[in-house]
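User: I'd like to go through this model and hear what stands behind each label. Can we take it feature by feature?

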Amino acid sequence: MQMEAFQQGQLDSLHKIANRFPGVVFQFRMQADGSFSFPFISPRAFKILRLNTDTIQADASKALAHVFSDDLEGLLVSIQSSAEGLSPWKHEFRVGSAGNVVRWLFGNAMPQREAGGSVLWHGFITDVTDRKRAEEALRSSEQRLKFAAASVRIGVWDLDLHTHELLWDDTMFALYGTRREEFSDAYEAWSTRLHPEDRVAVMKALQDAAAGTTVFEPEFRVIWPDQEVHYLKGHAEIVRDKDGKPIRMIGTTWDNRDLVQTQ
């Protein structure tokens, strides 16, 4: 009776979380014989797979059948690895639903060992299709950007507005007088290289561009490791999801010294 009460308490908690969480909340079990089930999966799973949750709870293979064949092996390996080490499970994969609509999903869950050798995960799945499409669009234009940047010494950068991960090409390192191995791919590492008198204005320009009130095209100074001051100018475009929320900033930066000196 105590175990039944505990399990019912778990389910009640999952229902409350599922009502607030925008993605899919789930419990996923791998039995000792290798079979899979969903003891709990929130109704939002229907929006992704077009499957009623009661049809996949007892037999999760019906849900796995919707995973892209190119992604299925990697997904199963990630599940097995998490089970063996009882390590957190994190994985991105594609699914196809009714009408051949392709969605990218990201899953995150914590496993626990159960009696009898089964493993039970508690976690969530979110739809990251908009982010993946933005990344694919960036890759498709990468060669054109590299060619243009190399011809006129323009640096190209990419900022994830959610994680603040900042990626630079080789020209950006040259413009900032540093080397790749000396630079952390973090937003904070870049901001510390801005001239103290320009830092507030540049950061505000970035925030205003993300909000959609202005275009990001600041002129600013950076301080090299040898304390020499260099003049730069930047321009960036905001990548937004289907709801108009900013997710990435893709930009260019170039040496602005000659223009400043002529003014």
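User: What makes Gln227 in the hairpin of S8 and S9 worth pointing out, in terms of phi?

Analyst: Gln227 takes a positive phi near 75 degrees, in a hairpin with 5 residues between the strands. Bear in mind that this is a predicted model: local features need pLDDT of at least 70, side-chain atom pairs count only at pLDDT 80 or more, and totals for chains, interfaces and linings use all residues. Residues are numbered from 1 along each chain as its sequence is written, and side-chain values use heavy atoms, with hydrogens and water left out.

User: How do you know that S8 and S9 are paired?

Analyst: Pairing takes at least two DSSP bridges between two strands, a strand being a DSSP run of E of at least two residues and a helix a run of H or I of at least four, numbered from the N terminus. S8 (residues 219–223) and S9 (residues 229–240) are joined by 5 bridges and run antiparallel, so they pair by that rule. Glu219, for one, stands opposite Lys233 in S9.

User: And what joins S9 to S10?

Analyst: 9 bridges, with S10 covering residues 246–255 and the two strands running antiparallel. Here Ile238 stands opposite Met249 in S10.

User: Why are S7 and S8 called edge strands?

Analyst: The open sheet of 5 strands goes S7-S6-S10-S9-S8, with antiparallel pairing. S7 and S8 each have a single partner strand, so one side of each is left without a neighbour in the sheet.

User: What makes something a cavity here, and how many are there?

Analyst: A cavity is a set of points on a 1 Å grid over the protein atoms alone where a 1.4 Å probe fits but cannot get out; lining residues have an atom within 4 Å of a point. Volume is the space filled by probe spheres set on the points, which are joined across faces, edges and corners. By this rule there are 2 cavities of 30 Å³ or more. The largest holds about 320 Å³, and of its 20 lining residues the closest to the centre are Phe38, Leu64, Trp89, Phe93 and Ile125.

User: Why is the lining of the largest cavity called nonpolar?

Analyst: Ala, Val, Leu, Ile, Met, Phe, Trp, Tyr, Cys and Pro count as nonpolar, Asp, Glu, Lys and Arg as charged, and the others, Gly among them, as polar. That lining divides into 20 nonpolar, no polar and no charged.

User: What about the second largest cavity: which residue classes line it?

Analyst: That cavity has a volume of about 110 Å³, and its lining has 10 nonpolar, 2 polar and no charged residues. Gly234 and Thr253 are among the lining residues, and both count as polar because neither is on the nonpolar or charged list.

Definitions and conventions:
1 Å grid on protein atoms, 1.4 Å probe; cavity = no way out; pocket = protein on both sides within 12 Å on 5 of 7 lines; lining within 4 Å.
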